[in-house]
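New to this one? Here is a quick tour to read alongside the model.

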Amino acid sequence: MRLRRVKNALETIENSKYIILNPEDHKGEFIKVFGNNNPIHLEIGMGKGDFIIQNAINHPEINYIGLEKYESVQMRAVQKLNELDIPNLRLIHMDAENLKDVFDKEIDTIYLNFSDPWPKNRHAKRRLTSSYFLSIYDSVFSGKPHIIQKTDNIGLFASSIVSLSEYGYTIHNCSLDLHNEDLENYQTEYEKKFSEKGQKINYLDAVKE
Ligand SMILES: C[S@@+](CC[C@H](N)C(=O)[O-])C[C@H]1O[C@@H](n2cnc3c(N)ncnc32)[C@H](O)[C@@H]1O
């Protein structure tokens, strides 16, 4: 993905009431951040935020945390949130590689939406469903690891199915055309772009028993 440097992006996100500064300080205690015991769902690579914002608005009984490693992208989500008051939503500016430093057995579900596909074999470890990342996620889940993925990219989707299955996940629900399924779905920015071009959206829901 090509990124444009945006002036003051870091400052803008750090001043947002939605951003959790120094997330390591809350390790194992994120229920205190939200002030309730509701399940916490985490989106890795939240981009400009449409998915997580809509989920949080429509599911006040769930707490949502959006993670994004590029401040210029996350700033767009922060700008959308300026006028909104969503108590069950927080954002963290960080790389998913460092998840173990921040969460300890407190996440219910991880969403991976339109993650970078890293098609070359030599970059396979960087895919967010590689065994490398799945082992990082292990320590953040409160109960059975639960991952929901959406992607336009059939190569990434196939690789995810293999990787998740080899790692002990069972695929409970799977579709090669999400928009023709009777499933609640809030679209991401990438999803809107791809489906407007006629591309089908792949979807899976996997649990490690
Ligand atoms: C292709 S974009 C998709 C954005 C959004 N999920 C959507 O569907 O519109 C992938 C996003 O994941 C972020 N990302 C990739 N690897 C990441 C990582 N290791 N940790 C956090 N964010 C990551 C990228 O910065 C980028 O914003």
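What follows is a short briefing, grouped by topic.

Keep in mind that this is a predicted model. The protein chain holds 8 helices and 7 strands, and 21 residues surround its ligand. We'll take the overall build, then the strands and the helices between them, then the ligand, and finally a few loop residues.

**Overall build**

- The protein chain has a radius of gyration of 16 Å, and a compact globule with 209 residues would come out near 17 Å, so the two agree.
- Along the principal axes, the C-alpha trace spans about 40 × 35 × 35 Å.
- Of the 209 residues in the protein chain, 36% count as buried.
- Take the contacts in the protein chain with a separation of 6 or more: 77% of them come from residues 24 or more positions apart.

**How the strands line up**

- Strand β1 (residues 40-44) is joined to β2 (63-68) by 5 bridges, and the two run parallel. One place to spot this is H41, which stands opposite Y64 in β2.
- On to β3 (89-93): β2 pairs with β3 in the parallel sense, again over 5 bridges. Here G66 has L91 in β3 as its bridge partner.
- β1 is also joined to strand β4, by 4 bridges, and these two run parallel. Look for L42, which stands opposite I110 in β4.
- β4 in turn pairs with strand β5 (residues 146-151) in the parallel sense, over 4 bridges. The bridge partner of I110 in β5 is I147.

**Two strands that are well wrapped up**

- Is β2 buried or exposed? 6 of the 6 residues of β2 are buried, so the rest of the structure largely encloses this strand.
- In a regular strand, side chains alternate between the two faces of the sheet.
- In β2, N63, I65 and L67 sit on one side and Y64, G66 and E68 on the other, and all of them are buried, so both faces are covered.
- β4 (residues 109-113) is another such case: 5 of its 5 residues are buried, so it too is largely enclosed by the rest of the structure.
- Both faces of β4 are covered as well, with T109, Y111 and N113 buried on one side and I110 and L112 buried on the other.

**Helices that link the strands**

- β1, α3 and β2 make a right-handed β-α-β unit.
- Within α3 (50-58), the buried residues are D50, F51, I52, I53, N55 and A56. The buried residues of α3 pack against β1, β2, α4, β3, β4 and α8.
- β2, α4 and β3 form a right-handed β-α-β unit too.
- In helix α4 (residues 71-81), you'll find V73, Q74, M75, A77, V78 and L81 buried. The buried residues of α4 pack against α1 (9-14), α3, β2 and β3.
- A further right-handed β-α-β unit is made by β4, helix α6 (residues 131-138) and β5.

**Around the ligand**

- Which residues are closest to the ligand? Of the 21 residues that surround the ligand, the closest are G45, G47, F114, T188 and Y190.
- The elements that give two or more residues to this shell are β2 and α8 (189-196).
- α8 gives the most to the shell, with 3 residues.
- By type, the shell residues divide into 9 nonpolar, 5 polar and 7 charged.

**Loop residues to look up**

- N22 lies in the loop between α1 and α2 (30-34). N22 isn't a glycine, yet its phi is positive, at about 45°. With 8 C-beta neighbours inside 10 Å, N22 counts as exposed.
- W118 lies in the loop between β4 and α6. Its phi is near 40°, which is again a positive value in a residue other than glycine. Having 18 other C-beta atoms within 10 Å, W118 is partly exposed.
- H59 has its place in the loop between α3 and β2. H59 is partly exposed, with 16 other C-beta atoms within 10 Å.
- H59 and I13 are 46 residues apart along the chain, and their C-alpha atoms are separated by 24 Å.

Conventions
Residues are numbered from 1 along each chain as its sequence is written. This is a predicted model: local features need pLDDT of at least 70, side-chain atom pairs count only at pLDDT 80 or more; totals for chains, interfaces and linings use all residues. A residue is near a molecule or strand if its C-beta atom, placed from the backbone, lies within 6 Å of it. Ala, Val, Leu, Ile, Met, Phe, Trp, Tyr, Cys and Pro count as nonpolar, Asp, Glu, Lys and Arg as charged, and the others, Gly among them, as polar. A residue is buried if 20 or more other C-beta atoms lie within 10 Å of its own, exposed if 12 or fewer, and partly exposed in between; C-beta atoms are placed from the backbone. Two residues are in contact if their C-beta atoms, placed from the backbone, lie within 7 Å. The radius of gyration is taken over C-alpha atoms; the globule rule is 2.2 Å times the number of residues to the power 0.38. Two strands pair if DSSP finds at least two bridges between them. A crossover is right-handed if, with the strands pointing away from the viewer, the path from the first strand over the helix to the second runs clockwise.
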